[in-house]
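Here is a friendly walk through one model, written for reading with the structure open beside you. Take a moment to turn it around, then read on.

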Amino acid sequence: MSVVVLAEHTGGKFKKAAFEAVHYGHLTAQSLGGNCIAVVVGNSDDARQLGVYGASKVVKVPYEGPFDSRIYAHALGAVASQNSAHTIVVNHSSTGKSLCGRLSVQWDAGSLSQVNSVPVTNEAGISVKKPVFSGKAVATFKIEGPRRVLSLMGNAIAPQEVSSPCPVEESAIELPDSQVSVVETKTVDGVVPLPEAELVVSAGRGMKGPENWGIIEELATTIGATTACSRPVADTGWRPHHEHVGQTGVAIRPNLYIAAGISGAIQHLAGVNSSKCIVVINKDPEAPFFKVADYGVCADLFDVVPRLTEAFRKFKSQ
Ligand SMILES: Cc1cc2nc3c(=O)[nH]c(=O)nc-3n(C[C@H](O)[C@H](O)[C@H](O)COP(=O)(O)OP(=O)(O)OC[C@H]3O[C@@H](n4cnc5c(N)ncnc54)[C@H](O)[C@@H]3O)c2cc1C
């Protein structure tokens, strides 16, 4: 019996999310029984390193094409069946999200997305927790039956080094032909993608216009943060759509979320209120964001943000 985990990578390099998923798989295997087996679709020279986060072995499935949920689901399902797995773990990323449903049908398993705790066994199967009602509550779900597919929320489990590099075996699984071809790829270079970012500086309509974003970018660069924004800001084209966080945007869980000139509407909070520390800068003392803030600065952001940047600069130069 084992837990099979998809270790996502880009061009052979693992993202932090892959280490989170593998470590979560290791903790799940400890809780439910068995070993953690990491699956790498495609090639990575770093595959052995997944052992450090708790994989007992890595199965590499040779594949050179673009991401295709049919192929990945086939590979994961086959490795799971070959190793009598009881659980498949993926990240709650765009890749993981597109695999969950397909895998649960194909592998005849119960599925639960965006979990943030290690499952425990109960009389009928397992129980595991996930946030509900736009992150306002945490619910415990039961999955009955012997098989389940879980997608792990980003930043929910810190990846810890628990062991040493592990063996890697190459799988002989026959994959179906891909039905996907990539027409164009646009990448954002030089920044940590929002779902993986530990520090995020975000701004909203209080910025008045795109020409004022320099102070936000300066603050973000000074502390090594990724920039984000509220939805109307992306909708009006002040900022690119990939920066939009919230219910209909990216859901994030950074260690620090600084929000300047954002009111804190429920749809915005849905994507950010799991952040570990929230700092709100808003000139309206009635702004709803203050209710969920760990630190609140009730003042004009055009005054506060540059002073905050300056304070961080001084602190870093000490
Ligand atoms: C179905 C649905 C889904 C949605 N999904 C999302 C989502 O995913 N993400 C999202 O963000 N929104 C989402 N929204 C929109 C959401 O309801 C809010 O309208 C939006 O979040 C407001 O954006 P904002 O806070 O930037 O702007 P505003 O509500 O206009 O707030 C601007 C804030 O800036 C403050 N401010 C102004 N000037 C200054 C200054 N100089 N210094 C300091 N503070 C200042 C104001 O006091 C105010 O609180 C959704 C709405 C719907 C209906």
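## A glycine, a helix, two cores and a ligand shell

Setting aside neighbours within four places in sequence, G154 is in contact with A17, N91, H92, P195, E196 and R253. Keep in mind as you look that this is a predicted model.

G154 sits in the loop that runs between β11 (148-152) and β12 (168-170). Is this residue buried or exposed? G154 is buried, because 27 other C-beta atoms lie within 10 Å, and 20 or more is the cut-off for that label. For a sense of distance, G154 and A38 are 116 residues apart along the chain, and their C-alpha atoms are separated by 18 Å.

The loop between β11 and β12 also holds N155. N155 is not a glycine, yet it has a positive phi of about 65°. N155 has 21 other C-beta atoms within 10 Å, so it is buried.

Now move to helix α3, residues 94-106. What span should its 13 residues have at 1.5 Å a residue? The expected value is 18 Å, and the end C-alpha atoms are 19 Å apart, which agrees. The helix does bend, by about 30° at C100. C100 is also one of the buried residues of α3, together with G96, L99, L103 and S104. Residues three or four places apart in an α-helix point the same way, because there are 3.6 residues a turn. The cover over the buried residues of α3 includes α2 (69-82), β6 (85-91), β7 (110-115) and β11.

After α3 comes D108, placed in the loop between α3 and β7. D108 is another residue that is not a glycine but has a positive phi, about 55°.

The table sets out the burial of four loop residues.

| Residue | Other C-beta atoms within 10 Å | Burial |
|---|---|---|
| G154 | 27 | buried |
| N155 | 21 | buried |
| N122 | 12 | exposed |
| D108 | 11 | exposed |

N122 belongs to the loop between β8 (120-121) and β9 (125-132). Which residues does N122 contact, leaving aside neighbours within four places in sequence? They are S127 and K142. N122 and L32 are 90 residues apart in sequence, with 10.0 Å between their C-alpha atoms.

Next, look at the nonpolar interior. In soluble globular proteins, nonpolar side chains tend to be buried together. Here the largest nonpolar core has 54 residues, and those that touch the most other members are V5, A7, A21, V22, A38, V39 and L76. Helix α2 gives the most to this core, with eight residues. L76 is in contact with V4, L6, V39, I88 and L103, leaving aside neighbours within four places in sequence. Apart from this core lies another, of 36 residues, among them C229, W238, I278 and L301.

Finally, come to the ligand. Which of the 26 residues around it come nearest? They are G204, G206, S230, R231 and G246. The elements that give two or more residues to this shell are α5 (231-235), α6 (266-272) and α7 (301-317). By class, the shell has eight nonpolar, 13 polar and five charged residues.

Definitions and conventions:
Residues are numbered from 1 along each chain as its sequence is written. This is a predicted model: local features need pLDDT of at least 70, side-chain atom pairs count only at pLDDT 80 or more; totals for chains, interfaces and linings use all residues. A residue is near a molecule or strand if its C-beta atom, placed from the backbone, lies within 6 Å of it. Helices (H or I, at least four residues) and strands (E, at least two) are DSSP runs, numbered from the N terminus. Ala, Val, Leu, Ile, Met, Phe, Trp, Tyr, Cys and Pro count as nonpolar, Asp, Glu, Lys and Arg as charged, and the others, Gly among them, as polar. Two residues are in contact if their C-beta atoms, placed from the backbone, lie within 7 Å. The expected span of a helix is 1.5 Å times one less than its number of residues. The bend at a residue is the angle between axes fitted to the seven residues ending there and the seven starting there. A nonpolar core is a set of buried Ala, Val, Leu, Ile, Met, Phe, Trp, Tyr and Cys residues joined through C-beta atoms within 7 Å.
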